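Please open the structure in a viewer and keep the selection panel at hand. The stops below proceed from one selection to the next, with a note on what is to be found at each.

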Amino acid sequence: MMKFNELGISNPILKALENMGFEEATPIQAETIPLAMEGNDVIGQAQTGTGKTAAFGIPMLEKIDPKQRKVQGLVVAPTRELAIQVAEELNRIAKFTGIRALSVFGGQHMDRQIRALKDGPQIVVATPGRLLDHMRRKTIRINSVEVAILDEADEMLNMGFIDDIRDILKGIPEERQTLLFSATMPKEIRDIATNLMKEPKEIKVKAKEMTVENIDQFFIEIPEKFKFDTLNNHLDIHSPELAIVFARTKKRVDEVAEGLQTRGYRAEGIHGDLTQGKRMSVLNKFKNNRVDVLVATDVAARGLDISGVTHVYNFDIPQDPESYVHRIGRTGRAGRTGEAILFITPREMAHLQVIERTTKSKMKRLTPPTNKDAERGQQQVTLEKIRKTIEKTDLKSYHETANELLEDHDSVTVISAALKMLTKERRDTPVKISSAAPISVKKAKDNRRSNNKRYFGKRGQGGGRNQGGRNQGGRNRKGNFQKRRNRD
Ligand SMILES: Nc1ncnc2c1ncn2[C@@H]1O[C@H](COP(=O)(O)OP(=O)(O)OP(=O)(O)O)[C@@H](O)[C@H]1O
Ligand SMILES: [Mg+2]
């Protein structure tokens with residue numbers, strides 16, 4: 001492990017890192033920071049939750065002149081929530097430098113953004129659509145940008161975004177330094193990337209697996225119609241601190257979130273059709289533990305760093321192995337542990353190996369927990385509470401009443417009654433989730449599209465209809481999957 005002060009970082013930034021509790025540089029930080037500070041273009045690939053934000057943020061901040069009130073650093077990120085988060089992390093690192101980062105994204109008032117841009121932030125973190133809007137209106141000038149960064153680079157260079165990214169980069173001087181980061185980097189995307197850069201150095205933190213070791217990975221083979229009850233049972237048994245449930249479409253996200261609420265969970269859904277205000281309030285409630293289960297489309301799959309997420313459920317199998325890597329990476333961050341549970345229908349079983357082969361990791365099979373298991377699970381939660389109370393509290397003042405009860409009933413009956421009263425009993429209100437189209441992608445029609453060939457498409461089912469690719473201009477069958485994400 002490397003200390004930050006061995007990497008040539010300036011004092012104001014070292015001080016901020018210390019304040020943030022960063023003691024040692026993570027491997028991607030140790031490798032990237034010196035290379036990028038020398039001015040190299042870098043493609044950085046390292047597992048989820050290993051500190052890529054600071055790995056590109058620190059060298060960018062070192063290059064910026066705080067006295068100049070013009071945009072010198074630009075970060076482009078795929079979602080609004082990620083843009084906000086990256087700007088926040090950069091501002092923490094920049095605390096003693098006089099440099100400010102501003103996030104700029106769709107769904108926010110233009111006027112307010114324009115005013116904030118006039119204030120002269122040295123760094124802008126933006127989603128592509130809104131950034132292009134500002135460029136066209138000339139309300140942002142990016143011709144003074146010296147460092148350009150694509151966070152979640154493989155996503156940004158994918159079909160849905162690539163044209164926007166090319167347009168954005170055209171507005172930045174050629175002499176710029178370009179840094180690309182992601183936990184995944186499929187080969188065909190890396191080739192596109194190299195074309196946008198100058199002799200990039202590739203840093204790939206060596207890891208046996210593409211996924212993080214401290215995430216335990218499981219799968220449950222389960223027919224579609226039993227998924228919802230199985231999710232309930234699993235939640236009851238494991239009582240996650242915070243859980244994220246990924247579903248394939250906005251409609252299913254709404255249905256699963258409502259279903260969970262009906263059954264008594266504190267759950268909320270998040271997806272691209274909600275207003276920006278609603279998206280932020282849902283995410284904030286989740287961060288503040290006022291919501292325990294966040295049900296999400298892939299809008300929450302990449303980059304989000306929320307502490308306390310102990311479980312990630314893939315209620316629906318992801319579109320491709322990369323998406324799997326990012327989704328489960330919402331847990332097990334910064335050295336913590338986590339669990340990832342994939343629900344997979346019998347006819348999807350072939351996809352399991354595709355994921356395992358790509359990520360070089362193995363998932364353990366779980367038998368679907370039964371209602372009985374869940375009931376026991378709930379009682380175990382109560383049992384734990386009672387054990388803690390016995391250990392930690394003086395119970396003398398309850399003894400007299402306890403003895404009174406025991407005169408009339410045996411101890412098992414008395415304790416059972418107490419357990420019943422303290423246990424959250426299941427509400428078995430029926431919940432119906434409308435069926436999901438099986439994952440399958442139309443055969444590539446032209447070269448442009450073949451860049452975006454979805455892994456599972458090769459062995460797709462369902463007659464090759466285009467049933468949900470988010471990167472195909474939103475022309476999926478139901479039209480309800482992230483279709484406007486690239487115009488954010
Ligand atoms: N050197 C460090 N020491 C301690 N914590 C760190 C260090 N670097 C980063 N972190 C923290 O680790 C968490 C994960 O960092 P970050 O979000 O940058 O990961 P990432 O590699 O970008 O993950 P993803 O691929 O999911 O985007 C953050 O909370 C961050 O503040
Ligand atoms: Mg990140």
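## The region annotated as ATP-binding

Begin by selecting residues 33-203, to which UniProt, in an unreviewed entry, assigns the feature "domain: Helicase ATP-binding". The coordinates belong to a predicted model. Over this selection the chain is 44% helix and 18% strand, and the C-alpha atoms at the two ends of residues 33-203 are 11 Å apart.

Next, display the strands β3 to β9. They form an open sheet of seven strands, and reading across it gives the order β5-β6-β4-β7-β8-β3-β9, with parallel pairing. Colour β5 (101-104) and β9 (201-204) separately: these are the edge strands, each paired on one side only. Direction ignored, neighbouring strands of this sheet are turned by 15 degrees against each other on average.

For a view of one pairing, select β4 (residues 73-76) together with β7 (residues 147-151). The two run parallel and are joined over four bridges. Within this pair, V75 has I149 of β7 as its bridge partner.

Now add helix α2 (residues 27-37), which packs on the sheet and touches β3 (42-45), β8 (177-182) and β9. The direction of α2 makes about 175 degrees with that of β3.

## A helix pair

Select α6 (residues 128-137) and α8 (residues 159-170). Their axes come within 10 Å and cross at roughly 35 degrees, and the crossing is left-handed. Show the side chains at the contact: from α6, P128, G129, L131 and L132 meet F161, D164, I165, D167 and I168 of α8. By class, the residues of this contact comprise six nonpolar, one polar and two charged.

## The N-terminal segment

Turn to residues 2-30. In an unreviewed entry, UniProt lists "short sequence motif: Q motif" for this range, and the feature "domain: DEAD-box RNA helicase Q" (unreviewed entry) is also placed by UniProt at residues 2-30. The segment is 45% helix and 14% strand, and its end C-alpha atoms are 6 Å apart.

## Around ligand 1

Centre the view on ligand 1. Which of the 19 residues around ligand 1 come nearest? They are T48, G51, K52, T53 and A334. Both β2 (24-25) and α3 (52-63) supply at least two residues each to the shell, and α3 gives the most, with three residues. Colouring the shell around ligand 1 by class shows six nonpolar, nine polar and four charged residues.

## The second sheet

Move on to strands β10 to β16. Here, too, is an open sheet of seven strands with parallel pairing, in the order β12-β13-β11-β14-β15-β10-β16. Strands β12 (267-270) and β16 (364-365) stand at the edges, and each has a single partner strand, so one side of each is left without a neighbour in the sheet.

Select β11 (residues 242-246) and β13 (residues 293-296) to see a parallel pair with four bridges. In this pair, I244 has L294 of β13 as its bridge partner.

Finally, bring in two helices that lie across strands of this region. Helix α12 (residues 276-287) lies across β11, β12 and β13, and runs at about 140 degrees to β12. Helix α13 (residues 321-328) lies across β10 (215-221), β11, β14 (309-314) and β15 (338-344). The angle between α13 and β14 is about 155 degrees.

Terms used. Residues are numbered from 1 along each chain as its sequence is written. Chains are lettered from A and ligands numbered from 1 in the order in which they are written. This is a predicted model: local features need pLDDT of at least 70, side-chain atom pairs count only at pLDDT 80 or more; totals for chains, interfaces and linings use all residues. Two strands pair if DSSP finds at least two bridges between them. Two residues are in contact if their C-beta atoms, placed from the backbone, lie within 7 Å. Axes are lines fitted to C-alpha atoms, for helices over the stretch in contact, and angles run from 0 to 180 degrees between N-to-C directions. A crossing is left-handed if the near helix is turned anticlockwise from the far one by less than a right angle, and right-handed if clockwise. Ala, Val, Leu, Ile, Met, Phe, Trp, Tyr, Cys and Pro count as nonpolar, Asp, Glu, Lys and Arg as charged, and the others, Gly among them, as polar. UniProt positions are given in the numbering used here, feature names are shortened, and annotations may be inferred rather than shown by experiment. A residue is near a molecule or strand if its C-beta atom, placed from the backbone, lies within 6 Å of it.
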